[in-house]
Amino acid sequence: MTRKKKLTFKINQKQGFSPKKQNIRKSRPSPSFNKRRQAFQLKKNVMIATGSALVIGTLLGIVMLKMFATVDESSAYQSTQVRQTAAPQQANHKKQPDKNNKTQSLSDMQAFVIQAGMFSERANAEAMLSQFQAKGTDGVIWQRDDHYYLFIDISSDKTGAKKMVESYKKENLETFVKQWATSEVSHSLTEVEQEWLTSFQTTWSDSVRAYTENKEIDSERWEQLYNKTNETKKMQDLFATTKSHLSDITKQPAVFLLNMWLAYEAFILSFEDDTLS
């Protein structure tokens with residue numbers, strides 16, 4: 001039997017042989033790229049933070065507005081309730097106008113006064129008045145607009161006033177003419193009050209004219225006028241403030257007329273105080 005030889009081909013392989021791995025070299029980013037990347041990341045973080053802050057702020061703002069709106073509505077409601085409660089009480093205490101009262105107009109009162117000075121303090125006006133009184137001339141201190149005026153005489157016209165100034169000049173008393181007036185006013189008056197005050201103005205104007213013409217003032221006419229003051233309380237108040245001046249009609253007619261005029265102005269101003277109260 002023929003013995004067949006088998007040919008065996010061995011492939012020589014080295015132990016531990018493995019395919020070679022191809023090393024791929026990765027490139028490193030450049031420094032400028034890293035800076036750009038960091039800048040972008042920073043901007044991104046800032047934008048995220050800003051957006052978050054805006055959202056949170058908006059939400060907080062809406063919540064606060066709702067809270068304040070609720071408080072305001074509550075306060076407004078409480079204020080309304082207080083006003084509604086207080087209104088009837090105030091109405092009860094408020095002076096009710098007299099149904100017989102009507103808005104009446106009182107004309108202005110004008111004359112020419114002989115002025116000896118104008119002062120910002122009453123003490124200075126009183127000191128000047130003492131100098132005139134030492135020479136036998138009395139006067140009236142009239143306060144108006146934070147000033148104190150010293151008047152020593154009165155005239156119905158400018159010509160008569162200039163003559164008075166000349167006579168005082170001869171006595172070494174420095175004076176000058178000044179036009180003076182009490183403005184026209186409108187107040188709520190009864191017919192009785194309107195009639196009395198109009199009579200007062202007429203009687204006073206006629207008395208100033210008589211005095212300027214060196215005539216006697218009609219004292220009986222003043223007495224008749226004052227006999228009517230008992231008809232209303234307001235007239236009684238005016239009578240009480242001017243009663244002491246009636247004795248000056250014949251003794252010091254100029255002082256009497258000035259004092260009556262001053263009292264009239266204070267009287268009509270009291271109507272405004274009543275209106276405000």
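A salt bridge is taken here as a side-chain nitrogen of Lys or Arg lying within 4 Å of a carboxyl oxygen of Asp or Glu. In this predicted model, a search of the whole structure identifies five salt bridges. One of them pairs K215 with E213, with the closest N and O atoms 3.3 Å apart. K215 is exposed, its relative accessible area being 52%, while E213 counts as partly exposed at 42% relative accessibility. Salt bridges with shared partners join D206, R209 and R221 into one network.

Within that network, the closest N and O atoms of the R221 and D206 salt bridge are 2.9 Å apart. This pair connects distant parts of the chain, with R221 in helix α5 (residues 219-226) and D206 in helix α4 (residues 191-212), 15 residues apart. R221 counts as partly exposed at 30% relative accessibility, and D206 likewise counts as partly exposed at 28%.

A further salt bridge is formed between R144 and E265, whose closest N and O atoms are separated by 2.3 Å. Distant parts of the chain are again linked: R144 belongs to strand β3 (residues 140-144) and E265 to helix α8, 121 residues apart. E265 has a relative accessible area of 10% and is therefore buried, the limit for this class being under 20%.

The largest nonpolar core comprises 53 residues, of which I154, F200, W204, W222 and W261 touch the most other members. Helix α8 (residues 253-276) gives the most to this core, supplying 12 residues. Leaving aside residues up to four places away in sequence, W204 touches M109, Q110, A111, I154, W222, L257, M260 and W261.

How values were computed. Residues numbered from 1 in each chain as written. Predicted model: local features only at pLDDT ≥ 70, side-chain atom pairs only at ≥ 80, totals over all residues. Heavy atoms only, no water. Core = buried A, V, L, I, M, F, W, Y, C linked by side-chain atoms within 4.5 Å. Buried < 20%, exposed > 50% of the residue type's maximum accessible area, 1.4 Å probe, protein only. Helix = DSSP H or I, 4+ residues; strand = E, 2+ residues; numbered from the N terminus. Contact = heavy atoms within 4.5 Å.
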